[in-house]
Amino acid sequence: MTLPTLDSQAAEQLIAAGTAHARTLGVQVRITVVGSDGSLLATNHPQGNAPETFELSWFKAYAAAMPTGAPELLSTWQKREPGLFAEISRYSMDPLLGGDGRAEIRRGGVLRGGIGASGAPSEVDQLICEYALELLGYDPPVSGGPGLSGNPHQGVHLADAVPWHLLNDGQKVPAIGLGTAPMGHEQTETAVARALRLGYRLFDTGSAYGNESAVGQAIAAGSVPREEIRVLTKLRGRAHGYEQTIAAFEESRRKLGLRYVDLFLIHWPLPALDKYVESWRAMIKLRDDGVVRSIGVSNFTAEHLARLVKETGVTPTVNQVEMHPGFPQPRLRAVHEDLGVRTMSYSPLGRGTDLLGAPEVASVARAHGVTPAQAVLRWHVQLGAIPLPRSGDPRRQRENLDVLGFELAPDELDRISLMAGSRIGFDPETHAEY
Ligand SMILES: NC(=O)c1ccc[n+]([C@@H]2O[C@H](COP(=O)([O-])OP(=O)(O)OC[C@H]3O[C@@H](n4cnc5c(N)ncnc54)[C@H](OP(=O)(O)O)[C@@H]3O)[C@@H](O)[C@H]2O)c1
């Protein structure tokens with residue numbers, strides 16, 4: 001399995017997440033994150049200022065493999081900072097307590113002599129490592145760990161668990177991606193950086209979102225090889241037309257800081273403007289020039305798709321459209337199937353509507369011991385659509401990618417598909433986006 005590198009930015013995020021997690025459990029924690037070489041990556045209290053007995057807990061996290069890495073790391077630290085582990089307020093975070101997968105932290109006595117002194121990982125090492133690994137996109141090796149539900153990919157990084165689809169041009173894309181709109185620069189950069197570590201490999205942005213540079217910066221700063229990542233951006237309305245499309249693409253590519261873009265899509269058809277075929281010809285040229293790997297469209301109806309194919313002979317690889325249980329797009333999906341176009345679902349979770357609270361979703365989710373969002377995302381995946389859920393929250397980002405460990409039965413898929421609902425976004429026939 002591929003282990004992500006834990007850099008200081010990741011360590012800061014781990015500390016923020018760990019502190020927040022502890023707060024939900026009613027405790028405060030002092031956290032130090034140690035790199036796999038034993039170096040201090042980040043701490044939420046001054047280095048060396050270890051009180052004799054910590055008032056609360058000493059929380060360590062490792063990106064190194066469990067369990068072999070833990071004792072070595074700890075002994076490195078003990079040698080370097082002998083006082084650090086002299087007395088540690090011990091707590092036990094036992095995810096199996098109560099058997100409902102919820103963690104509980106108990107204050108306990110004092111553990112003398114330092115964690116790891118015996119050479120074997122202590123209970124604390126083990127649980128903290130598991131928590132750290134979970135935050136970094138791994139399923140903890142202990143079944144029923146916090147927030148997880150029987151995933152058969154235990155011990156496998158989520159990046160390795162997500163299948164990839166073959167597009168009609170021979171390129172491949174992951175079965176789930178991360179949405180980034182509407183997110184500002186900083187939020188996008190943080191979300192993409194974290195998502196990369198969690199295992200997301202497909203990122204959706206657009207010129208109109210104003211966050212392409214943030215996506216590019218997060219990718220450049222991360223440690224995942226470029227060829228394992230798929231970046232999707234979109235042409236905005238004001239750039240429709242042949243020359244304008246070429247120029248707008250160059251602008252997007254510059255902002256992303258990429259040599260090539262994986263997927264370039266026409267964001268909206270804008271039928272009243274009637275220039276999408278011209279833009280499509282420019283996109284074919286960009287693809288033929290090798291600066292774009294795959295070209296596609298977004299918000300195109302069956303008629304728009306048919307016209308592109310008829311007038312240019314080139315079928316889009318994907319059509320990114322609004323799709324969720326309240327708007328399951330059966331007719332358009334059938335058209336996609338006939339043409340060999342892959343459906344990508346935007347607003348896959350219903351964008352903050354009460355979709356996730358619907359009884360149909362709740363009952364399916366309960367039956368599989370997963371969250372409503374996971375049930376809905378699994379529905380997308382099983383229908384062959386690529387959902388692009390957006391979340392700025394580490395737990396939810398992880399949850400949204402962790403949907404490969406269970407399978408919905410045909411009647412469960414139908415129950416979700418037949419829910420009442422309607423479109424929540426704009427109508428492509430009339431929407432004017434410039
Ligand atoms: N092509 C287009 O025209 C078009 C149009 C719209 C959207 N999009 C793309 O599609 C992406 C996703 O669509 P969207 O943002 O409209 O809607 P969405 O992904 O369905 O919903 C996002 C909302 O759901 C919440 N959420 C995420 N995961 C959750 C979970 N596990 N449990 C509970 N709530 C959860 C998020 O809150 P937290 O952040 O607090 O988790 C956020 O408020 C966009 O970001 C964008 O990239 C494309």
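Let's begin with the residues of helix H5 that are buried: Thr-188, Glu-189, Ala-191, Val-192, Ala-193, Arg-194, Ala-195, Leu-196, Arg-197 and Leu-198. Keep in mind as you look around that this is a predicted model. Those buried positions make up ten of the 14 residues of H5, so the helix is largely enclosed by the rest of the structure. Its length also makes sense: at 1.5 Å a residue, the 14 residues of H5 (residues 185–198) should span 20 Å, and the end C-alpha atoms are indeed 20 Å apart, which agrees. Right after H5 comes Gly-199, a residue with a positive phi, near 130 degrees.

From the helix, let's turn to the sheet. Here you will find an open sheet of eight strands, in the order S8-S9-S10-S11-S12-S13-S14-S15, with parallel pairing. At its edges are strand S8 (178–179) and strand S15 (386–387), each of which pairs on one side only. As a general point, strands of a sheet pair through backbone hydrogen bonds, either parallel or antiparallel.

Now follow a few of these strands more closely. Strand S11 (residues 261–266) runs parallel to strand S12 (residues 292–298), and five bridges join the two. One spot to look for is Val-261, whose bridge partner in S12 is Val-292. S12 also pairs with S13, again in the parallel sense, over two bridges. There, Ser-298 has Gln-320 of S13 as its bridge partner. Strand S13 (residues 318–322) is mostly covered, with five of its five residues buried.

A helix belongs in this part of the picture too. Helix H8 (residues 276–289) lies across strand S10 (230–235), S11 and S12. Relative to S12, H8 runs at about 160 degrees.

Next, which residues come nearest to the ligand? Of the 28 residues around it, they are Gly-179, Leu-349, Ala-373, Arg-390 and Ser-391. The largest share of this shell, three residues, comes from helix H13 (residues 394–401). Sorted by class, the shell has eight nonpolar, 14 polar and six charged residues.

Our last stop is Leu-418, in the segment after helix H14 (410–417). Is Leu-418 buried or exposed? With 10 other C-beta atoms within 10 Å, Leu-418 is exposed, because a residue counts as exposed when that number is 12 or fewer. You can also look from Leu-418 to Pro-328: the two are 90 residues apart along the chain, and their C-alpha atoms are separated by 8.4 Å.

Notes
Residues numbered from 1 in each chain as written. Predicted model: local features only at pLDDT ≥ 70, side-chain atom pairs only at ≥ 80, totals over all residues. Helix = DSSP H or I, 4+ residues; strand = E, 2+ residues; numbered from the N terminus. Expected span 1.5 Å × (residues − 1). Buried ≥ 20, exposed ≤ 12 C-beta atoms within 10 Å, placed from the backbone. Near = placed C-beta within 6 Å. Nonpolar A, V, L, I, M, F, W, Y, C, P; charged D, E, K, R; others polar. Pairing = 2+ DSSP bridges. Contact = placed C-beta atoms within 7 Å. Axes fitted to C-alpha atoms, helices over the stretch in contact; angles between N-to-C directions.
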